[in-house]
Amino acid sequence: MGRLIRSISLWILLSVACAALFARQAYATELWANTLPALNEGLASGALPPTGLYGIYDSYWASFRVYGNSSKSTSESVDALIQVPTLLWVPGNKIFGGRYAAAIALPFDYTNVKAPGVAALSDNGHWGTFNTVLAPVMISWQLPHDLSLRTDLAVAFDDASSTPGHPPTGGGAPSGNGFWSLEPDVGISWLHDGWNVSAGMQYAYNFKDGKTQYTSGQQLSGTYTLTKTMGKWTLGVGAYSINQISADSGSGALAAGCASRRGCRIEAYGAGPIVGYQFGGLNVLLNYTASIYTRNYLGGNIFNVRFIFPLN
């Protein structure tokens, strides 16, 4: 377990990054983007842990401002507390010469939107469940020179407790998306003498929300890690990038004004420090990430605490 923090990669890249649906409609993406910024910082994107069953629990807090198409902050903001319990299974089987794994995450979140002048949304925080994410296929290959390569395929289900087409009864922003997403990704890691140099890229293809006739554009997201483990301590830095590569479309996107906002395309970058510690069989990883540049998205301060522990 001592090496698990640098040999496991949390495949799930979920979101609770709001793109300001609100009264002015969306700045980007119908509601929540596919990627939860900075969630995977500190992990090895190309590797899998030893054979076994693992529990992973992320407790993620963010204080965001909404940024418009000109990359300037607006008067709207979002406070979010996201809990992401994940079950990772590494059975020891091989597929195409690589080690096989599968995972499932059942995230839930508390969101509190502050939109001046919009009483139905503003300061009306509540809990709800996000879209379930299943990764039925994860394959990692050990390469020469301490390199590891991994590819995953994840599916985000349309099963959130509230969505834009099915809003929460008590008001406030929906807790999840009203559409399915297909999310292939690839990661590479160099793991040598305690060093973890990793980069992971995820492509998100979003299907149409049939209730709102809004199709969120395709997104390419990256997570980057540079850490060094010394004894029980891990120290380093992490960063993220999110780039929407196709415009939001459909009648719902046209009503939101995306035609005049470059298709409501997201662009966001951030970075910050990482610190981890090994408590016996429990790995704890903390990271703080600050936004560097944001357009049509949320930017601000992010704190995440991750617990990784074997279940057998």
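**Close-up 1. Aspartate 152 and arginine 150 pair up in a salt bridge.** Here the side chains of the two residues meet with an N to O distance of 2.4 Å. Keep in mind as you look around that this is a predicted model. Aspartate 152 sits in strand β8, which runs over residues 147-156. Which of the two partners is buried? Both aspartate 152 and arginine 150 are. For aspartate 152, the relative accessible area is just 4%, and that is why this residue counts as buried. The side chains of aspartate 152 and arginine 150 are also joined by a polar contact, listed at 2.4 Å.

**Close-up 2. Aspartate 193 reaches lysine 228 from a loop.** Now we move to another salt bridge, in which the side chains of aspartate 193 and lysine 228 meet at 3.7 Å, N to O. Aspartate 193 belongs to the loop between β9 (181-192) and β10, while lysine 228 is part of strand β11 (residues 219-230), so the pair ties together parts that are 35 residues apart in sequence. Are the partners buried or exposed? Aspartate 193 has a relative accessibility of 60%, so this residue counts as exposed. Lysine 228 comes in at 17%, so that one counts as buried.

**Close-up 3. Lysine 114 and aspartate 79 link two strands.** Their side chains meet in a salt bridge of 3.3 Å, again N to O. Lysine 114 lies in strand β5 (residues 108-114) and aspartate 79 in strand β2 (residues 73-90), so this bridge ties together parts that are 35 residues apart in sequence. With a relative accessible area of 33%, lysine 114 is partly exposed. How many salt bridges does the model have? The count comes to five. As a bit of background, side chains of opposite charge can pair when their charged atoms come close.

**Close-up 4. Asparagine 196 touches serine 198.** Zoom in on strand β10, residues 195-206, and you'll find asparagine 196 there. Its side chain and that of serine 198 are joined by a polar contact of 2.5 Å. How accessible is asparagine 196? Its relative accessibility is 0%, and buried means under 20%, so asparagine 196 counts as buried.

**Close-up 5. Cysteine 258 and cysteine 264 form a disulfide.** The two sulfur atoms are 2.2 Å apart. The count for the model comes to one disulfide, so there's no need to hunt for another under the rule of sulfur atoms within 2.5 Å. Which way does the disulfide turn? The torsion about the S-S bond is about -100°, so the disulfide is left-handed. Cysteine 258 is buried, and cysteine 264 is too.

**Close-up 6. A look into the largest pocket.** How much room is in there? The volume of the largest pocket is about 210 Å³. Its lining is made up of 13 residues, and the closest to the centre are Arg99, Ser140, Trp141, Gln142 and Ser148. Two strands, β4 (98-105) and β7 (133-143), each supply at least two residues of that lining. Which one gives the most? That's β7, with three residues. What sort of residues line the pocket? It's a mix: four are nonpolar, five are polar and four are charged.

Key: Residues are numbered from 1 along each chain as its sequence is written. This is a predicted model: local features need pLDDT of at least 70, side-chain atom pairs count only at pLDDT 80 or more; totals for chains, interfaces and linings use all residues. Side-chain values use heavy atoms; hydrogens and water are left out. Buried means under 20% relative accessible area, exposed over 50%, partly exposed in between (1.4 Å probe, protein chains only). On a 1 Å grid over the protein atoms alone, a cavity is a set of points where a 1.4 Å probe fits but cannot get out, and a pocket is an open set with protein on both sides within 12 Å along at least five of seven lines; lining residues have an atom within 4 Å of a point. Grid points are joined across faces, edges and corners, and a volume is the space filled by probe spheres set on the points. Helices (H or I, at least four residues) and strands (E, at least two) are DSSP runs, numbered from the N terminus. Ala, Val, Leu, Ile, Met, Phe, Trp, Tyr, Cys and Pro count as nonpolar, Asp, Glu, Lys and Arg as charged, and the others, Gly among them, as polar. A polar contact is a pair of N or O atoms within 3.5 Å; within protein, one must be able to donate a hydrogen and the other to accept it, and residues adjacent in sequence count only if both atoms are side-chain atoms. A salt bridge is a side-chain nitrogen of Lys or Arg within 4 Å of a carboxyl oxygen of Asp or Glu.
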